[in-house]
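Visitor: Please walk me through this model one point at a time, reasoning each answer through to the value or name I ask for.

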Amino acid sequence: MLARAHPRGQRGLILGYAGLGGLHRAAVAVFGRSGNRAGDAALIEIEGLTKRFGTFTAVDRVSFTVPRGEVLGFLGPNGAGKSTTMRMLAGFVTPTEGTARVAGFDVQTRPVQARRELGFLPEGAPTYPDMTVIGFLGFCAGVRGYHGAARNRRVEQALALTGLEPVAVQPVETLSKGFKRRVGLAQALLHDPPVLVLDEPTDGLDPNQKHEVRTLIRRMAPEKAIVISTHILEEVDAVCTRAIVIAAGRIVADDTPAALERLHPSGRLDDVFRALTTKQAA
């Protein structure tokens, strides 16, 4: 049985570990450690977050905090509850239990204030396909309250940051999957929020585009709290300073990528990931 999430403000790791012969239920090791850097208030606070769909529990009492300057990789296999957790944090799904706060604002009781502080790239990143890229971003900037020169400046900055300038006047529907993903990322960055929640930010990108997006994330990291939801383990090694692994809706590990890698004799994060998220050896 998977362990419960750490109390608020604690981080470390929880691992059901088995030897080289296979996976089984075993001793659970917990290494507590402060989740916040000294002097840094958490910009993301999740406490006991739970989501049930009928009798199915998609997310089960998830708790963690993220301070400014941290890039958190939120890892799990398909169906683990990653996207549901991100949608609850962004205020698009109502939790069954628990709370989520962005920059101190509860996403349920103060949703407008919370969303002002949040840039969200959802899975699929829906857009208006008949709009041009620059038209869509201008529309998003207007919705966020920017007009005139301020709106133009925000759009120009977002285009430059995400490398969309060459396709700025093309309709979104004519773009490749990778460019469409970058349009979604651009709208998340428009208002320069202190919190970014990115669901599969490099999905559909070619290797060069992935490198550019990861470089951008690293550049923004010191001034923001960033959560990257992914099942791509190379993403964690490339940009994350911390990793949480979720399986069957529960947190099963929380530590730095380097510390997680040391938990398996191979020193490979993918082996640790399999040990944490599968009940039996293949």
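Visitor: What phi does glycine 91 take, just after α1?
Guide: This is a predicted model, in which local features need pLDDT of at least 70 and side-chain atom pairs count only at pLDDT 80 or more, while totals for chains, interfaces and linings use all residues. Residues are numbered from 1 along each chain as its sequence is written, and side-chain values use heavy atoms, with hydrogens and water left out. Helix α1 spans residues 82–89, where helices (DSSP runs of H or I, at least four residues) and strands (E, at least two) are numbered from the N terminus. Just after α1, the phi of glycine 91 is positive, at about 85 degrees.

Visitor: How many of the residues of helix α1 are buried?
Guide: Buried stands for a relative accessible area under 20%, exposed for over 50% and partly exposed for what lies in between, with a 1.4 Å probe and protein chains only. The buried residues of α1 are Lys82, Ser83, Thr84, Thr85, Met86, Met88 and Leu89. The helix is therefore mostly covered, and the count out of its eight residues is seven.

Visitor: How far from leucine 89 is the C-alpha atom of glutamine 108?
Guide: Leucine 89 is one of the buried residues of α1, whereas glutamine 108 is partly exposed at 35% relative accessibility and sits in the loop between β9 (105–106) and α2 (111–116). Along the chain the two residues are 19 apart, and the separation of their C-alpha atoms is 9.4 Å.

Visitor: Which residue of strand β6 has a positive phi without being glycine?
Guide: The phi in question is near 55 degrees, a positive value in a residue other than glycine. With a relative accessible area of 29%, the residue counts as partly exposed. Its place is in strand β6, and its name is arginine 61.

Visitor: What is the phi of glutamate 200, which is not a glycine?
Guide: Glutamate 200 lies in the loop between β11 (195–199) and α6, and a relative accessibility of 10% makes it buried. Although glutamate 200 is not a glycine, its phi is positive, at about 50 degrees.

Visitor: How many salt bridges does the structure hold?
Guide: Side chains of opposite charge can pair when their charged atoms come close. The criterion applied here is a side-chain nitrogen of Lys or Arg within 4 Å of a carboxyl oxygen of Asp or Glu. Under that criterion, the number of salt bridges in the structure is 16.

Visitor: Which residue is the salt-bridge partner of arginine 101?
Guide: In this pair, the closest N and O atoms are 3.4 Å apart. Arginine 101 belongs to strand β8 (residues 97–102) and its partner to strand β5 (residues 42–53), so the bridge ties together parts that are 56 residues apart in sequence. Arginine 101 is buried at 17% relative accessible area, and so, at 10%, is the partner, glutamate 45.

Visitor: How many residues apart in sequence are the parts tied together by arginine 242 and glutamate 70?
Guide: The side chains of arginine 242 and glutamate 70 form a salt bridge with an N to O distance of 2.8 Å. Arginine 242 is in strand β13 (residues 242–247) and glutamate 70 in the loop between β6 (56–67) and β7 (71–75), so the parts joined lie 172 residues apart in sequence. Arginine 242 is buried at 1% relative accessibility, and glutamate 70 is buried too, at 7%. The separation asked for is thus 172 residues.

Visitor: In which helix do both aspartate 271 and arginine 274 lie?
Guide: Aspartate 271 and arginine 274 form a salt bridge whose closest N and O atoms are 2.4 Å apart, within a network that also links Arg268 and Asp270. Aspartate 271 is buried at 15% relative accessible area, whereas arginine 274 is partly exposed at 43%. An α-helix has 3.6 residues a turn, so residues three or four places apart point the same way. Aspartate 271 and arginine 274 are three residues apart, about one turn, and the helix that holds both (residues 269–277) is α9.

Visitor: At what angle do α5 and α6 pack?
Guide: Axes here are lines fitted to C-alpha atoms, for helices over the stretch in contact, and angles run from 0 to 180 degrees between N-to-C directions. Helix α5 (residues 177–189) and helix α6 (residues 207–220) have axes 12 Å apart and pack at about 10 degrees. That makes α5 roughly parallel to α6, since angles under 35 degrees count as roughly parallel, over 145 as roughly antiparallel, 65 to 115 as roughly perpendicular and the rest as oblique. The packing angle is about 10 degrees.
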